[in-house]
Amino acid sequence: MESQNQIIVKFSSNYPGLFRNVSKYILYLNTLFSQESKGSFYIEIVEDGILYIYQNITTFDLLNPRTSRAEISKLINGNELQLNPDMLIDGIVDKQTFPEHGIDFQYNFYTKQKQQVSDTLLSFHQSLYGDNIKISSSTDYDLILSIMDFDDFYQYVQVIALMANGIVSQ
């Protein structure tokens with residue numbers, strides 16, 4: 001699936017162990033992602049995060065749509081999911097253990113369409129969280145989104161579950 005149109009997004013975090021369950025369920029997740037994206041999206045675990053690998057910009061756009069919290073809730077409640085969102089964070093973080101200073105989602109983009117990918121991902125997150133996120137960048141990361149509230153964080157976990165079930169891209 002190597003291609004010059006391929007988009008690789010490295011997703012990491014300042015929260016230790018955040019991807020532990022993703023690593024545990026990687027084969028299951030990739031089976032679901034492969035079925036739902038017809039082989040045009042998969043993930044890989046790296047030492048300090050996850051690589052999201054999209055075959056092309058069309059797949060990237062389909063899996064990062066502008067949507068709202070209400071739409072996500074409606075989809076979660078209206079569909080039987082093969083992947084329960086709680087599986088991804090069980091034993092890692094919950095409402096009581098969510099850090100007071102929030103969790104940073106750190107992104108690096110590896111593509112010729114870096115600005116377009118950054119803009120799309122930012123627009124996707126802003127549609128979910130509105131003004132509830134802090135946006136920044138650094139010399140180490142192309143984009144940093146600081147999620148300050150557990151409910152906002154859980155919203156993203158639900159989106160991942162919907163992606164695995166092919167619902168976001170429908």
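This is a short tour of a predicted model, stop by stop.

**Stop 1: the sheet**

Start by showing strands alone. Six of them form an open sheet, in the order β2-β3-β1-β4-β6-β5, with antiparallel pairing. Now select residues 41-46 and 133-136. These are β2 and β5, the edge strands; each has a single partner strand, so one side of each is left without a neighbour in the sheet. Look along the sheet to see the twist, which averages 20° from one strand to the next.

**Stop 2: β1 and its two partners**

Select residues 7-13, which make up β1. Six of the seven residues in β1 are buried. On one pairing, β1 runs antiparallel to β3 (residues 49-54), with six bridges. Show Val9 and find its bridge partner in β3, Tyr52. Next, add β4, residues 103-110. The pairing of β1 with β4 is also antiparallel and has six bridges. Here Phe11 stands opposite Tyr107 of β4.

**Stop 3: β6 and the hairpin**

Move on to β6, residues 143-147. Is this strand covered or exposed? It is mostly covered: five of the five residues in β6 are buried. Side chains in a regular strand alternate between the two faces of the sheet. Colour Leu143, Leu145 and Ile147 for one side of β6, then Ile144 and Ser146 for the other; all are buried.

β6 pairs with β4 through five bridges, in the antiparallel sense. Find Asp104, which stands opposite Ser146 of β6. On the β5 side, four bridges join β5 to β6, and these strands run antiparallel. Ile133 is placed opposite Ile147 of β6. Trace the chain from β5 to β6: a hairpin of six residues makes the connection.

**Stop 4: a helix across the sheet**

Select residues 114-129. This is helix α6, which lies across β1, β4, β5 and β6. Its direction is at about 155° to β4.

**Stop 5: the core**

Switch to side chains. In soluble globular proteins, nonpolar side chains tend to be buried together. The largest nonpolar core in this model has 52 residues. Which of them touch the most other members? Select Val9, Ile43, Tyr52, Phe105, Tyr107, Phe153 and Tyr156. Helix α7, residues 150-164, gives the most to this core, with eleven residues.

Centre on Tyr156. Setting aside neighbours within four places in sequence, Tyr156 is in contact with Phe11, Tyr52, Phe105, Tyr107, Phe124, His125 and Tyr129. Tyr52 you met opposite Val9, and Tyr107 opposite Phe11.

**Stop 6: two packed helices**

Keep α7 on screen and add α2, residues 26-37. The two helices pack at an angle of about 60°, and their axes are 8 Å apart. That angle makes α2 oblique to α7. Select the residues that make the contact: Leu32, Phe33 and Glu36 from α2, with Ile160, Met163 and Ala164 from α7. By class, this contact has five nonpolar residues, no polar residues and one charged residue.

**Stop 7: Lys38**

Finish in the loop between α2 and β2, where Lys38 lies. What is the phi of this residue? Lys38 has a positive phi of about 55°, although it is not a glycine. Turn on the surface here. Lys38 counts as exposed because its relative accessibility is 77%, and the cut-off for exposed is over 50%.

Terms used:
Residues numbered from 1 in each chain as written. Predicted model: local features only at pLDDT ≥ 70, side-chain atom pairs only at ≥ 80, totals over all residues. Heavy atoms only, no water. Pairing = 2+ DSSP bridges. Axes fitted to C-alpha atoms, helices over the stretch in contact; angles between N-to-C directions. Contact = heavy atoms within 4.5 Å. Core = buried A, V, L, I, M, F, W, Y, C linked by side-chain atoms within 4.5 Å. Buried < 20%, exposed > 50% of the residue type's maximum accessible area, 1.4 Å probe, protein only. Parallel < 35°, antiparallel > 145°, perpendicular 65-115°, else oblique. Nonpolar A, V, L, I, M, F, W, Y, C, P; charged D, E, K, R; others polar.
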